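Q: I would like a close look at a single part of the model shown below, set in the context of the whole chain.

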Amino acid sequence: MQVCRNCRRFTDTSPCPFCKSTNLSSSWKGLVIILDANSEIAKILNVTEPGKYALFVS
Ligand SMILES: [Zn+2]
């Protein structure tokens with residue numbers, strides 16, 4: 001499973017189906033599932049949509 005460096009979402013396909021970026025990484029740490037885009041953690045991660053995100057991508 002790879003993580004898009006642009007939006008930090010998990011994706012199995014390139015380009016990223018969410019933002020169309022081809023800048024993917026297989027080196028990531030921490031999986032966060034955002035259920036509520038208005039939650040504090042969503043604000044901290046700066047995400048605006050529910051989904052599966054990586055905390056750190058290198
Ligand atoms: Zn993306």
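How many other C-beta atoms lie within 10 Å of Gly-51?

A: Gly-51 has 17 other C-beta atoms within 10 Å, and it is therefore partly exposed. The scale behind this term uses C-beta atoms placed from the backbone: a residue is buried with 20 or more other C-beta atoms within 10 Å of its own, exposed with 12 or fewer, and partly exposed in between. The model is predicted, so local features are given only at pLDDT of at least 70 and side-chain atom pairs only at pLDDT 80 or more, whereas totals for chains, interfaces and linings use all residues. Residue numbers start from 1 along each chain as its sequence is written.

Gly-51 belongs to strand β5. Helices and strands here are DSSP runs numbered from the N terminus, with at least four residues of H or I for a helix and at least two of E for a strand. On that basis the protein has one helix and five strands, and the order from the N terminus is β-β-β-β-α-β. Apart from residues up to four places away in sequence, Gly-51 touches Arg-9 and Ile-34; a contact requires C-beta atoms, placed from the backbone, within 7 Å of each other. Two cysteines give a further sense of its position. The C-alpha atoms of Gly-51 and Cys-4 are separated by 13 Å, with their positions 47 residues apart along the chain. Gly-51 and Cys-19 are 32 residues apart in sequence, and their C-alpha atoms are also 13 Å apart.

Strand β5 (51-57) matters for the interior as well. The largest nonpolar core has eight residues: Val-3, Cys-4, Cys-7, Cys-16, Trp-28, Tyr-53, Ala-54 and Val-57. Such a core is a set of buried Ala, Val, Leu, Ile, Met, Phe, Trp, Tyr and Cys residues joined through C-beta atoms within 7 Å. The elements giving two or more residues to this core are β1 and β5, and β5 gives the most, with three. Val-3 touches two core members from that part of the chain: leaving aside neighbours within four places in sequence, its contacts include Ala-54 and Val-57, and also Trp-28, Arg-8, Phe-10, Leu-24 and Ser-25.

Cys-4 lies in strand β1 and counts as buried, because it has 25 C-beta neighbours inside 10 Å. Beyond four places in sequence, Cys-4 touches Arg-9, Thr-11, Cys-16, Phe-18, Cys-19, Ser-21, Asn-23 and Leu-24. Asn-23 is 19 residues from Cys-4 along the chain, yet their C-alpha atoms are separated by 6.0 Å. Leu-24, in β3, is the bridge partner of Cys-4.

That bridge is part of an open sheet of three strands, in the order β2-β1-β3 with antiparallel pairing. Its edge strands, β2 (10-11) and β3 (24-25), each pair on one side only. Strand β1 (residues 2-4) is joined to β3 by two bridges, and the two strands run antiparallel. Two bridges found by DSSP are the least that a pair of strands needs to count as paired. In general, the strands of a sheet pair through backbone hydrogen bonds, parallel or antiparallel.

Cys-19 sits in the loop between β2 and β3. With 13 other C-beta atoms within 10 Å, Cys-19 is partly exposed. Outside its four nearest places in sequence, Cys-19 is in contact with Cys-4, Asn-6 and Cys-7. The loop between β2 and β3 also holds Pro-15, and a cis peptide bond joins Ser-14 and Pro-15, with omega about 5 degrees.

Most peptide bonds are trans, and most residues other than glycine have a negative phi. Arg-8, in the loop between β1 and β2, has a positive phi of about 65 degrees although it is not a glycine. Arg-8 is buried, with 23 other C-beta atoms within 10 Å. Asn-46 likewise has a positive phi, near 60 degrees, and lies in the loop between α1 (40-45) and β5. With 9 other C-beta atoms within 10 Å, Asn-46 is exposed.

For the chain as a whole, 17% of the 58 residues count as buried. The C-alpha trace spans about 30 × 20 × 15 Å along its principal axes. Among contacts with a separation of 6 or more, 30% involve residues 24 or more positions apart.
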